[in-house]
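Reader: I am in my first year and would like a close look at one part of this structure. Please start with a ring that has a charge over it, and then work outwards from there.

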Amino acid sequence: MSEPSHSPIDNLITEHIDIWTSAIKRKSSSGRGSSKKIELYGIKKLRELILELAVRGKLVAQDPNDEPASVLLERIAHEKAQLVKDGKIKKPKKLPDITEDEKTFELPKGWEWARLGDVCSFINGFAFKSNTFQDSGVGIVKIGDISFSGEITPETMSRVSNTVVADLDDSFKVEIDDLVIAMSGATTGKLGFNRTNEVFYLNQRVGKFIPYQIDLNYLYLPLTTKISENLAKSIGSAIPNLSTVQINEIIFALPPTEEQRRIVAKVDELTALYDQLEAQTESSLDAHQTLVTVLLDTLVNSQNAEELAENWTRISGNFDTLFTTEQSIDQFKQTILQLAVMGKLVPQDPNDEPASALLERIAAEKAELIKQGKIKKQKPLLPISEDEKPFELPEGWEWCRFDDTSLSSDAGWSPQCLPSPRVDNNWGVLKVSAVTWGRFNPEENKELPQHLEPRREYEVQSGDFLISRANTADLVAKAVIVPPLVPKKLMMSDKIIRFKLHDDMNGEYLNLMNNSQVSRNYYNQVAGGTSSSMKNVSREQIRSLLVALPSSEEQHRIVEKVDELMAICDQLKARLSDAQTTQLNLTDALVEQALQCFNGSMRVKRVQISFLY
């Protein structure tokens, strides 16, 4: 790498490297996964800032010896007039004069405001017939073939035979280093260079810029910055699109030819630096997450109490450095649940009644209720095989199925309801969202029409264990325990399964088991459905869920310990959220200050930052 320069731009980057690399936004749902599910917000804002400075003439110094852009525009106008005279191009329509209101900032000396049509011709694509597309031949550039990295991707192209393009005008060709733009669809305004060694042809709704004495690599910069918000204003609401007229009227700041080249060279240099920063940051995040995974796995894999205590000491002594991302905190939460259901979270008490006695009492009470006709006898489930047991249980624990912990289960009813929640004390039917998010939400319901009689047997009651049988892959089979003082006249829908638990069963412990990784793995395996947007599990599949069951007393101790540790996780997340908000605000403040300072003294003051961890 070359020796670092000490220009104001380089100082801006190096003096604030901590801000650029530490400002991070979460982009996806929680859980195990790649650190690339986050946005490197600081580096993104730095890229945007540099492009903004580039097209304002603040990135490189002006050279008084450069030929001014006004002379360049005169030469271009003369060239276009000669091409019209020679019959090589049609006489273009006169573009509107640029008003003072359209000039969004003060130009450096030697620069000029111009419309795109002043310096380019613009060619719209040819409407190829889809029945001519094939797997080999000449590539046809469609909207989807322009990548977000700013290049054409030939791997995705449809192709046509040479005979299809034989009689087409050469203006439809996309040659090496040509620049094209998507003119309709969700990606309207997306730009791409042909950086391949192939020649392609333009499909309809893809346009090509033909420049006159202007560097296309420079032109790409103002078209990708918010200076060219003309693009956003041009996009329609139903089906976004750009017309040739709208593109020709885009306004940008034109520097002298030599400065265009210096700006492109500087942007290329800084882009390589951004890419390096991005790769190093992502690598650091990946390494951090690997460390967290390894250390948390040592807890789950501990062979005895002494080894568990030793591994826990190693982690608890480094909380502030380990749990510094949402992903690591979420993974810690999942590890807590896994330790809880493995019997590794709290010590066993030899004086506790064994879980086998609890199961016997539940079975006896269930048999009596069947005998009395209060519940129906359900189809017996398969016995638990040794291959099903994912880990060894502590003494006094038992493997059982979810159905063994409950007295009965039933599904709800889904009549045609009103679209709005119930009013006053009318009857309502609960939606799946009432039981999805870890707490019972009675407001998530639809009102039962007055002409339908309620089915009172489906009314939810305090202590009911409610579980959703239909939802997304992440949320299917999520459950809640109905709290005391539940509102009356709310019925389950047929997408909710209710389990009535024995008095000695702790519903919160069963919910921990239901949320543990071993249970989520089970649901992922058995859930039906054709897409992740809607998965289904049956009542039989929920009844068959494997449960690691401790004594009633230990269930209560586990729930108390989990609540204590989850509170710590919530504190960590709150601190992290505050720190991330501070970092994002600092990034935005630094960008704003930089724009102001580069308009004046070209010096950005040092911004102080204090981390929470």
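**A lysine over a ring, and what lies around it**

Author: Lysine 190 lies over the face of phenylalanine 148, at 4.5 Å from the ring centre. Keep in mind that this is a predicted model. A second case of this kind is arginine 195, which lies over the face of phenylalanine 193, with 3.9 Å to the ring centre.

Lysine 190 also leads to serine 147. Serine 147 touches Lys190, and it touches Thr153 and Leu191 as well, when residues up to four places away in sequence are not counted. Serine 147 is placed in the loop between strand E5 (138-141) and strand E6 (158-160). Although it is in a loop, serine 147 counts as buried, because its relative accessibility is 15% and the cut-off for buried is under 20%. For a sense of distance, take threonine 321: it is 174 residues from serine 147 in sequence, and the two C-alpha atoms are 38 Å apart in space.

Next come the strands on either side of that loop. E5 and E6 run antiparallel and are joined by three bridges. One bridge partner pair is glycine 139 with arginine 159 in E6. E5 also pairs with strand E10 (residues 200-202), this time in the parallel sense, over two bridges. There, isoleucine 140 has tyrosine 201 of E10 as its bridge partner. Within E5, Val138 and Ile140 point one way, while Gly139 and Val141 point the other way. All four of these residues are buried.

A different sheet can be set beside this one. Three strands form an open sheet in the order E18-E23-E22, and the pairing is antiparallel. Strand E18 (470-471) and strand E22 (528-531) stand at the edges with a single partner strand each, so one side of each has no neighbour in the sheet. E22 is joined to strand E23 (residues 534-536) by two bridges, and these strands run antiparallel. Serine 531 has methionine 534 in E23 as its bridge partner.

After E18 comes a loop that leads to strand E19 (479-481), and alanine 477 is found in it. Alanine 477 is not a glycine, yet it has a positive phi of about 70 degrees. Alanine 477 counts as buried, because its relative accessibility is 0%. Lysine 489 also has a positive phi, of about 65 degrees, and it is not a glycine either. Its place is the loop between E19 and strand E20 (490-491). Lysine 489 counts as partly exposed, because its relative accessibility is 26%.

A helix gives another view of burial. Helix H3 (residues 41-55) has 15 residues and reaches 21 Å from its first C-alpha to its last, close to the 21 Å expected at 1.5 Å a residue. Of its 15 residues, 11 are buried, so H3 is largely enclosed by the rest of the structure. Among the buried ones are Tyr41, Ile43, Leu46, Leu49, Ile50 and Leu53. An α-helix has 3.6 residues a turn, so residues three or four places apart point the same way. The buried residues of H3 also include Lys45 and Glu52. Just after H3, glycine 57 takes a positive phi of about 80 degrees.

Rings also meet other rings here. The count comes to 14 aromatic pairs. One of them is phenylalanine 391 with tryptophan 399, a tilted pair with 5.0 Å centre to centre and 55 degrees between the planes. Both phenylalanine 391 and tryptophan 399 are buried. Elsewhere, Trp312, Phe319, Phe323 and Phe332 form one aromatic cluster.

Last, the whole chain. It has 18 helices and 24 strands. Along its principal axes the C-alpha trace spans about 105 × 60 × 50 Å. The radius of gyration of the chain is 33 Å, whereas a compact globule of 613 residues would have one near 25 Å. Buried residues make up 48% of the 613 residues. Of the contacts with a separation of 6 or more, 77% are between residues 24 or more positions apart.

Key:
Residues are numbered from 1 along each chain as its sequence is written. This is a predicted model: local features need pLDDT of at least 70, side-chain atom pairs count only at pLDDT 80 or more; totals for chains, interfaces and linings use all residues. Side-chain values use heavy atoms; hydrogens and water are left out. Helices (H or I, at least four residues) and strands (E, at least two) are DSSP runs, numbered from the N terminus. The expected span of a helix is 1.5 Å times one less than its number of residues. Buried means under 20% relative accessible area, exposed over 50%, partly exposed in between (1.4 Å probe, protein chains only). Two strands pair if DSSP finds at least two bridges between them. Contact means heavy atoms within 4.5 Å. Rings of Phe, Tyr and Trp (its six-membered ring) pair if their centres lie within 6.5 Å; planes under 30 degrees apart count as stacked, over 60 as edge-to-face and the rest as tilted. A charge sits over a ring if NZ of Lys or CZ of Arg is within 6 Å of the ring centre and within 35 degrees of the ring normal. The radius of gyration is taken over C-alpha atoms; the globule rule is 2.2 Å times the number of residues to the power 0.38.
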